[in-house]
Amino acid sequence: MLLLNADLGESWYDRQIGDDAGLMPYLDLCNLACGFHGGDALTMQRTIALALEHGVKIGAHPSFPDRANFGRQVMELPADQLEALLLYQVAALQGMTWAAGAAASLHHLKPHGALYHYANAHPLAAGAVAGVAAKLGIPHLLGPPTGELRRAVDAEGLAFLAEGFADRRYDPSLHLRPRTETDACIDGVAEAVEQALLLARGQVRTTDGSSRELQIATLCLHGDHAGAVERARAIREALDAIPPQ
């Protein structure tokens, strides 16, 4: 069964991002912001409690230190500095999760935004991401189906969960359509469900209209996109209706 995940906990102070309470009941996994692109201590605490209430596995969603651009702008950082920034973020979330009564370590780590794509193309950054997960005993890492993140995870002996997106379009290269393009995101519920079901079958339709193979283990929705709850509800129903193999 394809696991449904979403990026949550991205509000900070009086800035409200998304509807975590509305999304959580439909998820298997959640990726919690760690304070550098979104999130603050109280938001982290509340989102952890919400995930534990619904039995949703908690993962860390660290980013470049870039609230001004919501973590969606590349920052060229030395590998040791990047590793320290990641360790700082993820260890904080892990400590708060334990304090809330979680019996185990965080389930997974998933880089956010620009860091997700940067690390997947740069071996040193990918090694920093996977190394932090290994040091903190986090058993899974989420990332694109192919690239440096997968190689770094394999080198650390961790489990890799290849990820696809229900609310983003794919170019023929199988990279996500850049957010600078007006058609980068999928807003309609029906189209998001159609993409989710295609991905569940190991396929995706790209922007040139062709169907390509793409094998994934988990499907992401962005919690900061308008209409995320409606898409999550419809996708959950569609995935649950797939007959078991």
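How much space lies in the largest pocket? In this predicted model, the largest pocket holds about 690 Å³ of space. Its lining is made up of 29 residues. Those that lie nearest the pocket centre are Tyr116, His117, Pro144, His175 and Leu176. Two elements give two or more residues to this lining, namely helix H4 (113–121) and E6. The most comes from H4, with 6 residues. Rolling a probe the size of a water molecule over the atoms shows where empty space is left.

**The barrel**

The fold contains a barrel closed by 7 strands, in the order E1-E2-E3-E4-E5-E6-E9. The pairing in this barrel is parallel. Three of the strand pairs are set out below.

| Strand pair | Sense | Bridges | A bridge partner pair |
|---|---|---|---|
| E1 and E2 | parallel | 4 bridges | Asn5 and Leu29 (in E2) |
| E2 and E3 | parallel | 5 bridges | Asn31 and Gly59 (in E3) |
| E4 and E5 | parallel | 2 bridges | Leu109 and Leu141 (in E5) |

In the last of these pairs, E4 covers residues 108–109 and E5 covers residues 140–143. Helix H6 (residues 148–156) packs on the sheet here and touches both E5 and strand E6 (159–165). The direction of H6 makes about 160 degrees with that of E6.

**Strand E2 and its surroundings**

Is strand E2 mostly covered or mostly open? E2 is mostly covered, with 5 of its 5 residues buried. In a regular strand the side chains alternate between the two faces of the sheet. Along E2, Leu29, Asn31 and Ala33 point one way, while Cys30 and Leu32 point the other way. Residues on both sides of E2 are buried, which here means under 20% relative accessible area.

Two of the residues that point one way from E2 also appear as bridge partners. Leu29 is the partner of Asn5, and Asn31 has Gly59 as its partner in E3.

Which helix lies across E2? Helix H2 (residues 41–54) does, and H2 also lies across strand E1 (3–8) and strand E3 (57–61). H2 runs at about 175 degrees to E2, a strand that spans residues 29–33. Together, E2, H2 and E3 make a β-α-β unit, and this unit is right-handed. The two strands of the unit, E2 and E3, are joined by 5 bridges and run parallel.

Definitions and conventions: Residues numbered from 1 in each chain as written. Predicted model: local features only at pLDDT ≥ 70, side-chain atom pairs only at ≥ 80, totals over all residues. Heavy atoms only, no water. Pairing = 2+ DSSP bridges. Contact = heavy atoms within 4.5 Å. Axes fitted to C-alpha atoms, helices over the stretch in contact; angles between N-to-C directions. Buried < 20%, exposed > 50% of the residue type's maximum accessible area, 1.4 Å probe, protein only. Right-handed = clockwise from strand over helix to strand, strands pointing away. 1 Å grid on protein atoms, 1.4 Å probe; cavity = no way out; pocket = protein on both sides within 12 Å on 5 of 7 lines; lining within 4 Å. Points joined across faces, edges and corners; volume = space filled by probe spheres on them.
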